[in-house]
Amino acid sequence: MTITSPPAVPAGRGAIPRRRNRRGLVGWGFIGPFLAVFALVFLAPIGYSVYLSLFQDRLIGGNTFVGLDHYQQAFQDPEFWSGFGRVALFLAVQVPIMLGIALLAALALDSGRLYGKSFFRITVFLPYAVPAVVATLMWEFLYGSRFGLVGEIDRAFGVSLPDPLSPGLVLASIGNLVTWEFVGYNMLIFYSALRVVPRSLYEAAEIDGAGQWRVITAVKLPAIRGALVIATIFSIIGSFQLFNEPAILKVAAPNAITTSFTPNYYTYTLSFSGQQQNYAATVAIIMGVITMVIAYVFQLRGMRKEA
């Protein structure tokens, strides 16, 4: 009788899966703290907001499940849609102006023909370093028709300038303030993208006899399309999150800025002044979804054009 022994296992073969498992555990150990913080500060608040939007705290009956009633109420709420239309108009007008000014400043810095380039760069960027609350209070004083700059000009020259904080001009005044704050931030994004454009593209354009305008339209702008898309997405998100400026300026313009001036301000008022946390969570979720969809659609269009 012949006894056959099992085939010998090559040395080290059994250790490979164990080594891979050990590497996997090490990887999870590295990303574990991030996942824990991400779940705590991002996923948990979203989940709790969804929970709040599906319930209603009542005096009789306590916390009651109401399903999608709050969402139906929000879609029929004229104050919510009034604030949404206001920020949509703000987005359509202010964002192109702000990004256009930032792009012009970045192109001027990159041209190499601007004297005092370092001073110009820090001067344009400096407003972004000012906290939003401080910047809003400063512009509130400048806009003031009684004690501010506008009022001083009226008295000094005997004229009557339009009130920047009137109902018809307050949105444009906020747009001017936000533009002043964020032009420098977007300028740095565009300028950083311009600095990494391959010099060979400029040399090829020079050989072809292209002028400065042709270089900008055919070389620089296509090369920084990704930066333009990113800056626009950030601006879209920031426009729908408009809150600090109207909330602070409301003290100086109570008749022009209502509690539903923007969706974020409306949510804040519902939650902290109206004690309607459930409905406020619903409005916040709807605005989050709308912002996400618009930003994602714009990103897809930008990437498609870039490809």
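**Legends: the whole chain and a look at helix α6**

**View 1. The chain as a whole, set beside a compact globule.** While a compact globule of 307 residues would have a radius of gyration near 19 Å, the chain in this view has 28 Å. Please keep in mind that this is a predicted model. The C-alpha trace spans about 120 × 80 × 30 Å along the principal axes of the chain. You can trace 13 helices and two strands here.

**View 2. Contacts and burial within the chain.** Of the contacts with a separation of 6 or more, 65% join residues 24 or more positions apart. Of the 307 residues in the chain, 34% are buried.

**View 3. The surface and its charges.** About 19,000 Å² of the chain is exposed, with 67% of that supplied by carbon and sulfur atoms. Look also for the 22 positive and 15 negative side chains; the centres of these two sets are 18 Å apart.

**View 4. Helix α6, its buried side.** Helix α6 covers residues 149–157, and its buried residues are Val 150, Gly 151 and Asp 154. Viewed down the axis of α6, these buried residues fall within an arc of 100 degrees, so they line one face of the helix. Their packing partner is α5 (132–143).

**View 5. Helix α6, the other face and the exit.** Turned away from the buried side of α6 is a face that carries the exposed residues Ala 156 and Phe 157. Follow the chain onward and you meet Gly 158 after α6, with a positive phi near 65 degrees.

Technical notes:
Residues are numbered from 1 along each chain as its sequence is written. This is a predicted model: local features need pLDDT of at least 70, side-chain atom pairs count only at pLDDT 80 or more; totals for chains, interfaces and linings use all residues. Side-chain values use heavy atoms; hydrogens and water are left out. Buried means under 20% relative accessible area, exposed over 50%, partly exposed in between (1.4 Å probe, protein chains only). Helices (H or I, at least four residues) and strands (E, at least two) are DSSP runs, numbered from the N terminus. The arc is that of the directions from the helix axis to the C-beta atoms. Contact means heavy atoms within 4.5 Å. The radius of gyration is taken over C-alpha atoms; the globule rule is 2.2 Å times the number of residues to the power 0.38. Accessible areas come from the Shrake-Rupley method with a 1.4 Å probe; for residues, only the protein chains shown count as cover. Lys and Arg count as positive and Asp and Glu as negative; His and the chain ends are not counted. The place of a charge is taken as NZ of Lys, CZ of Arg, CG of Asp or CD of Glu.
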